[in-house]
Protein chains: 2
Amino acid sequence: MLIEIDFNSEEAIYVQLRNQIIVAIATSQLKNGESLPSVRNMADDIGVNMHTVNKAYSSLRQDGFLKVDRRRGAVVSVDIDKINSLNKMRCLLKPLIASGIVKGVSRDEVKKLIDEIYDDME
Amino acid sequence: MLIEIDFNSEEAIYVQLRNQIIVAIATSQLKNGESLPSVRNMADDIGVNMHTVNKAYSSLRQDGFLKVDRRRGAVVSVDIDKINSLNKMRCLLKPLIASGIVKGVSRDEVKKLIDEIYDDME
DNA sequence: CGACTGTTATATCATCAATATAACAGTTAG
DNA sequence: CTAACTGTTATATTGATGATATAACAGTCG
């Protein structure tokens, strides 16, 4: 698993890590049942503190992307929760689309963007 | 202009204010050339500090949603910048859609969501 | 037993969100 | 002209959060 952290980004490190793991699951680079590197190994790999990795893993567990097995560590295990996921998307999408409307982005252009991102991942 | 701040939200007050103003512009509740309440009045209205409002207004000015006229205060004045807007959307959409894919949300369901949000606003 | 796993507890430091008080330079109505 | 308003800036404080560091604990496994 290749993780790239941008230390100059305004986005928190644990959020970057979290998002990249989600993308890796979405693109099947990480498959259901697969183990992630231990918090200490991952921390060494990307050059951050153990607790920063732990925070990302805990957040992913909380949101139903992985479970923790005493023997195998953090294991990808997705809880499908489409309704909850759609609700979260709606909340985040609303201000994003409002901004797009104001800036002259059409409905079809957004949909085209959606297609591009889906095509990149699936 | 009706502004509703959720003081229990994890979202920063100035971000809530910012987003609600953008939505108001998108839905034509606020029109180009219209003045916003002064930072002090808005602060009194919604029960927050003047600087919190100033931060929201400054951020909106920085991102090309309004300009400041010494005489008329903060005035809605949108800089159309579609390309930049699309790029920002792409960055924010990627992790959002990745999460959706993992949680079983289909491409068409996202597009349906986009339609709903656009219909609500336009 | 020893090396590993996640987890938890502290502590420190920097940054940021929010508040408060205060002042300054324009603008505008009385 | 004065007084009341506008945005803007400066400074300070408080609380929350991100990231780091060191340390320990309990479970697992070769």
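**Chain A, elements.** I began with the secondary structure of chain A in this predicted model, and I counted 5 helices and 2 strands. Reading from the N terminus on, I noted the order of the elements as α-α-α-β-β-α-α. For the extent of the chain I took the principal axes, along which the C-alpha atoms of chain A fill a box of roughly 50 × 35 × 25 Å.

**Chain A, domains.** I then looked up the domain assignment, which gives domain 1 as 13-76 and domain 2 as 82-121 in chain A. Taken over C-alpha atoms, the centres of these two domains of chain A are separated by 26 Å.

**Relation of the copies.** Next I asked what turn and shift lay chain A on chain B. I found a turn of 180 degrees with a shift of 0.0 Å along the axis, and the RMSD is 0.0 Å; that is the relation of a two-fold axis. I also noted that 100% of the contact residues of chain A recur in chain B, so that the same surface serves both copies. Looking for the residue of chain A that comes closest to the rotation axis, I arrived at K111(A), whose C-alpha lies at 3.1 Å.

**α5 against α5.** K111(A) also appears in the contact between helix α5 of chain A and helix α5 of chain B, each spanning residues 107-121. The axes of these two helices come within 10 Å and cross at roughly 155 degrees, which makes α5(A) roughly antiparallel to α5(B). I recorded the crossing of α5(A) and α5(B) as right-handed. From α5(A), the residues R107(A), V110(A), K111(A), I114(A), D115(A), Y118(A) and D119(A) meet R107(B), V110(B), K111(B), I114(B), D115(B), Y118(B) and D119(B) in α5(B). Sorted by class, the residues of this α5(A) and α5(B) contact are 6 nonpolar and 8 charged, with no polar ones.

**α4 against α1.** I turned last to helix α4 of chain A, residues 82-102, and helix α1 of chain B, residues 13-26, whose axes come within 8 Å and cross at roughly 45 degrees. That angle makes α4(A) oblique to α1(B), and I noted their crossing as left-handed. On the α4(A) side I listed K94(A), P95(A), A98(A), S99(A), I101(A) and V102(A), which meet N19(B), I22(B), V23(B), I25(B) and A26(B) in α1(B). How many residues of each class does the contact of α4(A) with α1(B) have? I found 8 nonpolar, 2 polar and 1 charged.

Note on methods:
Residues are numbered from 1 along each chain as its sequence is written. Chains are lettered from A and ligands numbered from 1 in the order in which they are written. This is a predicted model: local features need pLDDT of at least 70, side-chain atom pairs count only at pLDDT 80 or more; totals for chains, interfaces and linings use all residues. Side-chain values use heavy atoms; hydrogens and water are left out. Domain bounds come from an automatic or database domain assignment. Axes are lines fitted to C-alpha atoms, for helices over the stretch in contact, and angles run from 0 to 180 degrees between N-to-C directions. Helices (H or I, at least four residues) and strands (E, at least two) are DSSP runs, numbered from the N terminus. Angles under 35 degrees count as roughly parallel, over 145 as roughly antiparallel, 65 to 115 as roughly perpendicular and the rest as oblique. A crossing is left-handed if the near helix is turned anticlockwise from the far one by less than a right angle, and right-handed if clockwise. Contact means heavy atoms within 4.5 Å. Ala, Val, Leu, Ile, Met, Phe, Trp, Tyr, Cys and Pro count as nonpolar, Asp, Glu, Lys and Arg as charged, and the others, Gly among them, as polar. Copies are superposed by least squares on the C-alpha atoms of residues with pLDDT of at least 70 in both.
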